[in-house]
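Welcome, and thanks for opening the viewer. Keep the selection box handy, and we will go from stop to stop together.

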Amino acid sequence: MSPQVDEETPLLQVQQHKPERTPLPWFQFMIVLFLQLAEPLTSQVIYPFLPQLIRDIGITQGDETRVGHYVGLLQSLFFLTQAMTVHWSRISDRIGRKPVILIGLFGLSMSMYCFGLSTTFWGLVLSRSLNGALNGNIGVIKSIMAEMTDSTNIAQAYAYMPIAWSTGGVLGPMIGGALARPADQFPHLFGNNEFLKKYPYFLPCAVPATFSAIAWLVTFLFLKETVHAPTFALPKLLRSNKKLTGKISPTSGINDVTIEIPDNEKPVPFRKLLNRRVLIAAGNYATLSLVDIAFRAIQPLFFSTPVELGGLGLPPSSIGNLLSIFGLLNGVMQIFFFAKLHEYWGSKKTFMMGIASTVPIFACFPILSYVVKSNGGVTPLAWMFVALQIILSLSISFSYGAIFIYITAASPNRASIGATNGLSQMSVSICRAIGPAASNSLFSLSMRYHYMGGFLVYYVLLGISALALVTASMLPRQA
């Protein structure tokens, strides 16, 4: 007797035997990875030059301890406005994934051009807000991934999924560091270009903006719709086993036909998503994102902070190179090790390993500060701790692949994948909105008022890591 299936039945069932792996639809899969690259490029490209941009527009009035506050605010704005875009995922359940992705890519492109042309703080605020508000692609792309896969190949798909983020993590900081202030960095090429002198950060912003425009064209021409039984696709439904009522003739309109879809294939109401499985998976995704974004936000700020204040005093180009090294290593680790590690350890242990690694990652900051201050500059010992921190941070990305599997498994049915991802993405965006602003502001306050020797921010982050570990323990052993 087959088990009863209803809207509360988990999407992925635990297999008693190991079935043969279903091949991935590689052409469409590679298109999705290509489209996903637009997001990390636009978010990562500003990290190397953002502290210097804040100094250049003069809003801190020369007070170095205030730089972190404004950097964190701009980093958070994208995720704050993105948290309001949960409706994009629910809309994609009804009208299809492709139209929503096209809107998102258009928003990314236009807002990045505007960011590069902004010369005031409020111009940056408006551009960054539009960047997040018009883009709901993260949750929608995860829904496409889930609809392309099944329980036999989903781990393999999520092993490749970080390729886009890793590539963006390599190219974004490299572009941002290398092309910022081109008239100063390359005077023989751009020294006489008055436009780039007036808008010194337009060039690094124009690269991801143009890429997003190209991605829009690729989506329009080649991406196939994956949403399960969309209500607008009448010809597809007529070929399916859905129950139809009414008379159908060559002259019939769509309003002449009534389509009855089984309850377990309909998107469930929002309140039905608020069950224990979805909330635990979404909650862990949120806490993972909080500790991760806090680290990613503080790291370039710490690298940029002058040595006498406890930072490394590095220029944007060096910061971009370090972040690019992380992105390159992260991509290699994800491609070659995530699926094997997940198969050996399972989702829960893989997830908890990444969360646990944040404890020594945050502990490296005060150690680095002490080493640099004691020696009056960046020494080989300091570079050893920078390398250790980068290597440890690679394991955080393993946690993302694991939690994506939990979220997909928690969806009540395939028709609700978009809504489940949208709910999860909303909680993540809220945490990512809080993380940079709170951590960077706390970094500035700790430095300005010397709280706990200037290390208060790191004690708080270690406490958040402990909280994330407690939350991770609530996950079921198997997705």
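**Annotated spans.** Start by selecting residues 100–125, 201–223, 318–339, 351–371, 383–407 and 455–475, which the unreviewed UniProt entry annotates as "transmembrane region". UniProt positions appear here in the numbering used for this structure, with feature names shortened, and such annotations may be inferred rather than shown by experiment. This is a predicted model, in which local features need pLDDT of at least 70 and side-chain atom pairs count only at pLDDT 80 or more, while totals for chains, interfaces and linings use all residues. Residues are numbered from 1 along each chain as its sequence is written, and side-chain values use heavy atoms, leaving out hydrogens and water.

Now keep just residues 383–407: this span is 100% helix and 0% strand, and its end C-alpha atoms lie 38 Å apart. Residues 455–475 are 81% helix and 0% strand, with 32 Å between the end C-alpha atoms. Helices here are DSSP runs of H or I with at least four residues, strands are E runs of at least two, and both are numbered from the N terminus.

**The core.** Next, pick Phe302 and Ile403. Of the 105 residues in the largest nonpolar core, these two touch the most other members. Helix 20 (residues 380–410) gives this core its largest share, 13 residues. A nonpolar core is a set of buried Ala, Val, Leu, Ile, Met, Phe, Trp, Tyr and Cys residues joined through side-chain atoms within 4.5 Å; buried means under 20% relative accessible area, exposed over 50%, and partly exposed in between (1.4 Å probe, protein chains only).

What does isoleucine 403 touch, not counting residues up to four places away in sequence? Show Ala281, Asn284, Tyr285, Leu288, Phe351 and Leu475 to see its contacts, meaning heavy atoms within 4.5 Å. Then look for a second, separate core of five residues, with Leu273, Val278, Ala419 and Leu423 among them.

**Salt bridges.** A salt bridge here is a side-chain nitrogen of Lys or Arg within 4 Å of a carboxyl oxygen of Asp or Glu, and the count comes to seven.

- Select arginine 448 and aspartate 63, whose side chains meet at 3.4 Å, N to O. Arginine 448 sits in helix 21 (residues 417–449) and aspartate 63 in the loop between helix 3 (50–57) and helix 4 (67–82), so the bridge ties together parts 385 residues apart in sequence. Arginine 448 is partly exposed at 37% relative accessibility, and aspartate 63 is partly exposed at 28%.
- Move to arginine 97 and glutamate 147, with the closest N and O atoms 2.4 Å apart. The pair links helix 6 to helix 8 (residues 137–148), and so ties together parts that are 50 residues apart in sequence. Arginine 97 is buried at 1% relative accessibility, and glutamate 147 is buried at 15%.
- Try arginine 296 and aspartate 292, with a closest N to O distance of 2.8 Å. They are four residues apart in helix 17 (residues 276–304), about one helical turn, and both are buried.
- Finish with Asp56, Arg181 and Asp184, joined into one network by salt bridges that share partners.

**The surface patch.** For the last stop, show Phe27, Phe106, Met110, Trp216, Leu217, Phe220, Leu221 and Phe222, which make a nonpolar surface patch of about 840 Å². Helix 6 (97–117) and helix 14 (202–222) each give two or more residues to the patch, and helix 14 provides the largest share, five residues. Patch residues have over 30% relative accessible area and no salt bridge; like charges are joined within 9 Å, and nonpolar side chains (Val, Leu, Ile, Met, Phe, Trp, Tyr) within 5 Å. Accessible areas come from the Shrake-Rupley method with a 1.4 Å probe, and for residues only the protein chains shown count as cover. Zoom in on leucine 217 in helix 14: this residue is partly exposed, at 46% relative accessibility.
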